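Here is a short tour of a protein assembly with DNA, written to be read with the model open beside it. Please rotate the view as you go.

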2 protein chains.
Amino acid sequence: MRKGDATRARILDEAAKQVAVRGLESASLGDVAEAVGLSKSGLFKHFDSKEAMQLAVVEQVQRRFTEFTWTAAEALPPGRARLEAIFERWLDWAESEWAEHGCPIVALSVELDDQPGPVRDQLQKGLMQWRRTLVREFQALADPPLSEDEAANAYFQMKSFVLGHSEARRLLGDPNARASALSAFRSLVDRTARQAA
Amino acid sequence: MRKGDATRARILDEAAKQVAVRGLESASLGDVAEAVGLSKSGLFKHFDSKEAMQLAVVEQVQRRFTEFTWTAAEALPPGRARLEAIFERWLDWAESEWAEHGCPIVALSVELDDQPGPVRDQLQKGLMQWRRTLVREFQALADPPLSEDEAANAYFQMKSFVLGHSEARRLLGDPNARASALSAFRSLVDRTARQAA
DNA sequence: GAGAAAAGAGCACGATCGGTCACTTACTGT
DNA sequence: ACAGTAAGTGACCGATCGTGCTCTTTTCTC
């Protein structure tokens with residue numbers, strides 16, 4: 001049973017890459033299988049259908065993302081320090097090997113935003129949980145804590161800057177994308193912390 | 001020659017819709033043809049290849065977008081009034097019939113960000129021209145005008161809020177998306193205008 | 001080491017993909 | 001009105017899609 005898990009992991013890695021490049025639907029099972037040195041039918045011993053593989057890809061990408069951005073930050077005290085660490089790791093993520101061909105989560109979000117089904121549901125679930133986590137983090141920016149509405153607005157802007165960073169960097173090739181995002185975020189945190197007083 | 005132009009336009013409308021839903025590559029010629037009541041081969045009398053149609057779709061979407069957001073605003077005086085009108089129209093666009101299934105420009109941006117070719121080039125060209133236009137508009141926010149760097153940073157945030165609005169509204173179903181985007185943008189304009197003094 | 005179960009290969013299927021070609025129908029400029 | 005061209009059809013091509021099937025090889029368990 002061990003061998004199977006290893007190939008399953010290789011399949012998911014390759015699939016995640018191809019999904020980021022070509023999209024969920026356009027990434028074909030044949031191409032994925034060939035890239036990991038498998039036959040198409042061999043692939044079906046690990047996933048019952050294409051949709052099952054897509055679901056597994058989404059789950060793995062979300063796991064990796066959380067691990068990448070959150071794990072390093074959770075050691076820090078809640079509030080400003082942790083928030084800034086998360087944001088920087090978030091930008092790092094978009095430039096990491098897992099997002100070599102664009103952040104897969106962004107790609108999935110756009111492709112699935114009006115394609116109902118279990119894959120979209122899973123994606124939504126992860127995004128909303130992430131949002132809840134970050135909103136709580138923003139609330140902890142001040143004492144007494146921010147209202148949920150204020151924190152939600154701050155999160156909206158934080159997420160927006162990540163999306164803007166991704167677009168500016170990848171499509172427009174803007175070398176200042178990271179700097180723009182960072183300065184915008186720091187200014188946001190400043191204002192948010194101050195408005196609590 | 002008139003008849004042909006009309007069907008060509010119908011094809012492009014339908015194609016743009018399907019592209020927004022399923023993506024550039026997944027939108028098939030057969031489905032588009034059937035939706036406009038044509039045979040697949042009839043479609044080829046208007047476009048030499050799928051890529052040619054994709055290019056035409058991108059051009060038409062960009063034309064429509066500019067018309068939708070800019071035309072109403074250009075009558076206003078440069079600076080704050082015009083900027084706010086554009087931003088509101090931009091949000092309107094994302095909720096208009098042309099973006100019923102998601103903003104096609106956002107969909108194209110994510111799908112094409114690492115797919116070189118003439119379609120991507122055309123998209124880039126339009127986005128960069130739009131960016132130049134808006135940066136100039138931000139510069140005109142104050143007298144003396146803002147530096148290009150300052151204005152570029154402001155545009156980065158403006159575009160980010162649009163992307164954030166799109167994601168929050170469509171994928172997360174956030175009813176406050178528009179309000180969040182508007183308040184974030186107004187605050188941005190305030191700060192930007194003030195920082196010039 | 002034998003037997004069971006998992007992992008994978010090979011082939012074939014129906015459907016659909018983008019694209020071609022020969023042909024008919026509809027329109028338009030003069 | 002008539003000729004010429006544009007618009008549109010239907011049949012078909014090779015390739016590729018996701019998926020099922022049978023069969024062999026590898027791996028794990030006792």
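The report below looks at the symmetry, the contact between the chains, one buried helix and the DNA surfaces.

Please keep in mind that this is a predicted model.

**Symmetry**

Let us begin with how the two protein chains are related. A turn of 180° with a shift of 0.0 Å along the axis lays chain A on chain B, and the RMSD is 0.0 Å. That is the relation of a two-fold axis. Which residue of chain A comes closest to the rotation axis? A:S160 does, with its C-alpha at 2.4 Å.

**The contact between chains A and B**

The contact draws on 33 residues from chain A and 33 residues from chain B. On the side of chain A that touches chain B, the elements giving two or more residues are α1 (2-22), α6, α7 (118-139), α8 and α9 (177-195) of chain A. The most comes from α8(A), which gives 11 residues. By class, this side of chain A divides into 13 nonpolar, 12 polar and 8 charged residues. Of the interface residues of chain A, 100% are also interface residues in chain B, so the copies meet through the same surface.

**A covered helix in chain B**

Now find helix α6 (residues 104-112) of chain B, which is mostly covered, with 9 of its 9 residues buried. The buried residues include B:P104, B:V106, B:S109 and B:E111. What do the buried residues of α6(B) pack against? Within chain B, the partners are α1 (2-22), α4 (50-70), α7 (118-139) and α8 (148-170). From chain A, α6 (104-112) and α8 (148-170) join the packing.

**The surfaces near the DNA**

Both protein chains contribute to the surroundings of each DNA strand, including A:G4 and B:S28 at strand C and A:S28 and B:G4 at strand D. For DNA strand C, the elements giving two or more residues are α1 and α3 (40-43) of chain A together with α1, α2 (29-35) and α3 (40-43) of chain B. For DNA strand D, they are α1, α2 (29-35) and α3 of chain A, with α1 and α3 of chain B.

The table sets out the residues around each strand.

| DNA strand | Residues around the strand | Nearest residues | Classes |
|---|---|---|---|
| Strand C | 22 residues | A:G4, A:S39, A:S41, A:G42 and B:S28 | 5 nonpolar, 9 polar and 8 charged residues |
| Strand D | 21 residues | A:S28, A:K50, B:G4, B:S41 and B:G42 | 5 nonpolar, 9 polar and 7 charged residues |

Notes
Residues numbered from 1 in each chain as written. Chains lettered and ligands numbered in written order. Predicted model: local features only at pLDDT ≥ 70, side-chain atom pairs only at ≥ 80, totals over all residues. Buried ≥ 20, exposed ≤ 12 C-beta atoms within 10 Å, placed from the backbone. Helix = DSSP H or I, 4+ residues; strand = E, 2+ residues; numbered from the N terminus. Contact = placed C-beta atoms within 7 Å. Nonpolar A, V, L, I, M, F, W, Y, C, P; charged D, E, K, R; others polar. Near = placed C-beta within 6 Å. Least-squares fit on C-alpha atoms with pLDDT ≥ 70 in both.
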